[in-house]
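Please examine the sequence and the three-dimensional model shown below. The paragraphs that follow proceed from a group of aromatic side chains to the sheet and then to a pair of helices.

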Amino acid sequence: GAIPVPDRATNVLERILAERRLQTGKRTLIGHSLGGLVIKQLLQTSESTALQREDAASFIRRVRRVAFLATPHSGADLPIWGDRLRILFRPSAATACLTRNDPNLRALNRWYRNWATTHQVSHLILTERRSTKFGMLVRQDSSDPGLVSEPIPN
C-alpha cells in the first residue's frame with residue numbers, strides 16, 4: 001500500500017541524512033505533485049528533528065530553493081473521483097489526504113509559508129495550464145502555495 005505523506009517524509013529525511021554526499025552544500029528541492037507535499041512535510045519534520053539532531057539542523061539550514069511542479073497545496077479533485085469510483089479503485093493512504101481544502105494541507109501550507117519566508121527560501125512554482133482527458137488534476141488555485149515564484153531564466 002501507499003505510505004502516508006508524514007511517514008514518507010520521515011523516510012526520505014532519514015535517507016537524505018544518511019547520504020554522505022548530501023551532508024554539505026546548499027540544497028535545492030524539487031517536487032512534482034505529491035512530491036511537493038512530501039517536501040513541505042520533510043522540512044517540517046526536519047525542523048522538529050533539528051532540536052535533537054545536528055545533522056537535521058544542518059540540512060534544513062542548507063535548503064535554499066524549492067521548486068513545486070503542479071503540487072496540490074490545497075488538495076486536488078482527483079481523490080473526489082476516487083471516492084465516486086470506490087467500486088473500481090481503492091484510494092490509497094497517500095491520495096486520501098489530497099481532498100480539496102483538507103485542513104491538514106492548509107495547516108502544512110501555512111507552516112511552510114512562514115518557514116520559507118523566515119529562512120529566505122526562493123521558489124519556482126509551475127502550474128498546470130491544460131486539462132488532461134480526466135480534466136485538470138491540480139487546478140491553478142491549488143498549485144499556488146501563496147509564495148512569490150522566481151522568474152524562469154531565458
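Tryptophan 111 is buried, with a relative accessible area of 17%; buried means under 20% relative accessible area, exposed means over 50%, and partly exposed lies in between, with a 1.4 Å probe and protein chains only. Tryptophan 115 is likewise buried, at 3% relative accessibility. This is a predicted model, in which local features need pLDDT of at least 70 and side-chain atom pairs count only at pLDDT 80 or more, whereas totals for chains, interfaces and linings use all residues. Residues are numbered from 1 along each chain as its sequence is written, and side-chain values use heavy atoms, with hydrogens and water left out.

The structure holds four aromatic pairs. Rings of Phe, Tyr and Trp (for Trp, the six-membered ring) pair if their centres lie within 6.5 Å; planes under 30 degrees apart count as stacked, over 60 as edge-to-face and the rest as tilted. Tryptophan 111 and tryptophan 115 form a stacked pair, with 5.9 Å from centre to centre and 15° between the planes. These two residues are four residues apart in helix α6 (residues 103–118), and therefore about one helical turn separates them. Helices (H or I, at least four residues) and strands (E, at least two) are DSSP runs, numbered from the N terminus. Tyrosine 112 and tryptophan 115 form a tilted pair, 6.0 Å centre to centre with 35° between the planes. Tyrosine 112 and tryptophan 115 are three residues apart in α6, so they too are separated by about one helical turn. Tyrosine 112 counts as buried, at 0% relative accessibility. Ring pairs link Phe68, Trp111, Tyr112 and Trp115 into a cluster.

Phenylalanine 68 leads to the sheet, for its bridge partner in β3 is isoleucine 125. Three strands form this open sheet in the order β1-β2-β3, with parallel pairing; two strands pair if DSSP finds at least two bridges between them. The edge strands, each pairing on one side only, are β1 (27–32) and β3 (122–126). Neighbouring strands are turned by 10° against each other on average, direction ignored. Strand β2 (residues 63–69) pairs with β3 over five bridges, and β1 pairs with β2 over six bridges. In β2, valine 66 is the bridge partner of leucine 29.

Which side chains of β1 are buried? Arg27, Leu29 and Gly31 point to one face and are buried, while Thr28, Ile30 and His32 point to the other and are not.

How are two packed helices described? The description uses the angle between their axes and the distance between the axes. Axes are lines fitted to C-alpha atoms, for helices over the stretch in contact, and angles run from 0 to 180 degrees between N-to-C directions. The axes of α2 and α3 come within 8 Å and cross at roughly 135°. The two helices are therefore oblique to each other, since angles under 35 degrees count as roughly parallel, over 145 as roughly antiparallel, 65 to 115 as roughly perpendicular and the rest as oblique. In α2, Leu42, Leu43, Ser46, Glu47 and Thr49 meet Ala56, Phe59 and Ile60 in α3.

Aspartate 55 also lies in helix α3 (residues 54–62). Aspartate 55 is partly exposed, with a relative accessible area of 30%. Its C-alpha atom and that of threonine 24 are separated by 9.9 Å, although the two residues are 31 residues apart along the chain.

Key:
Contact = heavy atoms within 4.5 Å.
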